[in-house]
Amino acid sequence: MKHILSQIESALGGLYDAAELESIKKALCLELLDISAVSFFTKETLAADTERDRKLDEALERLAQGEPLQYVIGFTPFCGLQFQVDSRVLIPRPETAELVDWVAQDTVASGSLLDVGTGSGCIAISLAHRLPDWKVQGWDISDGALEVARENNRLNGTDVVFRRVDILAAQASDQKFDVIVSNPPYVLESEKVQMEKTVLDYEPYTALFVPDSDALLFYRAIAEFGKHNLSKGGRLYFEINPLAADVLRQMLLKADYHDIEIRNDIFGKQRMIKAIL
Ligand SMILES: C[S@@+](CC[C@H](N)C(=O)[O-])C[C@H]1O[C@@H](n2cnc3c(N)ncnc32)[C@H](O)[C@@H]1O
């Protein structure tokens, strides 16, 4: 065990601070290399294993280049479930779990729910898991993301229907949803300079950015779609860019939504909005 820990330290020591390095060591040993917690914490001497050494070498090379730990391990926890992730999908964020909690707390009877821009399927699958009587759909424009989402649906034993839909071109239809939820791309291109290189180099561009000239692009399209495809009294939930909270509220009021509520995330930033049709 000791030689594995010192190999991790010498490969990544200069790149991460002490706390990050400790959590990387734990994640690599327990989740990637399948070393038991007892062996890890007691630093037990392990039998030689060439396959384990190969996996570790490959993981350290990827991490040293700046790839996010979740992609290297291939999984990440979200809302108590495990989600497969790779560079085709955004890594689910803790703020998004708060949005899932809000939707689930508000939702009692059965109904139908749509998650727009589903990515790994983390929102749709977590809600389907918590609300087993609901019919849940997840839409995304990316075929790669939909493949990951369908695999996560299978792994978590949920029954979400995933479809390839470009929400910017979606036509109103007869289909009615009781809830529409979305964490759409909302980072302004001008915010790129403040972002970490690991996000910019590895996470999908189409999952993250909107042009500065139209920060509300996705929100407007989804709100418009909701006007026709939400049932009367239906609820719309968005994860939001705190910079856009006030204009978004105005836009939703203009679009005839009411009872608009904005909530902060765990970091104290305005991060979620709910509106009723
Ligand atoms: C911020 S990510 C959110 C992913 C996931 N829901 C989450 O919360 O982790 C936005 C998602 O919207 C999808 N997307 C981008 N443009 C889209 C479009 N025009 N129509 C539908 N989905 C789109 C991206 O492929 C990406 O998966």
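## Burial and two unusual residues

A residue is called buried if 20 or more other C-beta atoms lie within 10 Å of its own, exposed if 12 or fewer do, and partly exposed in between, with C-beta atoms placed from the backbone. The model is predicted: local features need pLDDT of at least 70, side-chain atom pairs count only at pLDDT 80 or more, and totals for chains, interfaces and linings use all residues. Residues are numbered from 1 along each chain as its sequence is written.

Cys 79 is buried, with 20 other C-beta atoms within 10 Å. Its phi is near 50°, a positive value in a residue other than glycine. Cys 79 sits in the loop between β1 (75-78) and β2 (81-84); helices (H or I, at least four residues) and strands (E, at least two) are DSSP runs, numbered from the N terminus. Lys 43, also not a glycine, has a positive phi of about 55°. Lys 43 belongs to the loop between α3 (37-42) and α4 and is exposed, with 11 other C-beta atoms within 10 Å.

## Helix α1 and its partners

The axes of α1 (residues 2-12) and α2 (residues 18-32) come within 11 Å and cross at roughly 130°. Axes are lines fitted to C-alpha atoms, for helices over the stretch in contact, and angles run from 0 to 180 degrees between N-to-C directions. The crossing angle makes α1 oblique to α2; angles under 35 degrees count as roughly parallel, over 145 as roughly antiparallel, 65 to 115 as roughly perpendicular and the rest as oblique. Residues in this contact (C-beta atoms, placed from the backbone, within 7 Å) include Ile 4 and Ile 8 of α1 and Leu 21 and Leu 28 of α2.

α1 and α4 (residues 50-64) pack at about 25°, with their axes 10 Å apart, which makes α1 roughly parallel to α4. Here Ile 4, Gln 7, Ile 8, Ala 11 and Leu 12 in α1 meet Leu 56, Leu 60, Leu 63 and Ala 64 in α4.

## The ligand shell

Of the 22 residues around the ligand (C-beta atom, placed from the backbone, within 6 Å of it), Gly 117, Gly 119, Ile 141, Asn 183 and Ala 207 come nearest. The elements that give two or more residues to this shell are α7 (122-130), β4 (135-140) and α10 (205-208). Of these elements, α7 is mostly covered, with seven of its nine residues buried.

Methods. Contact = placed C-beta atoms within 7 Å.
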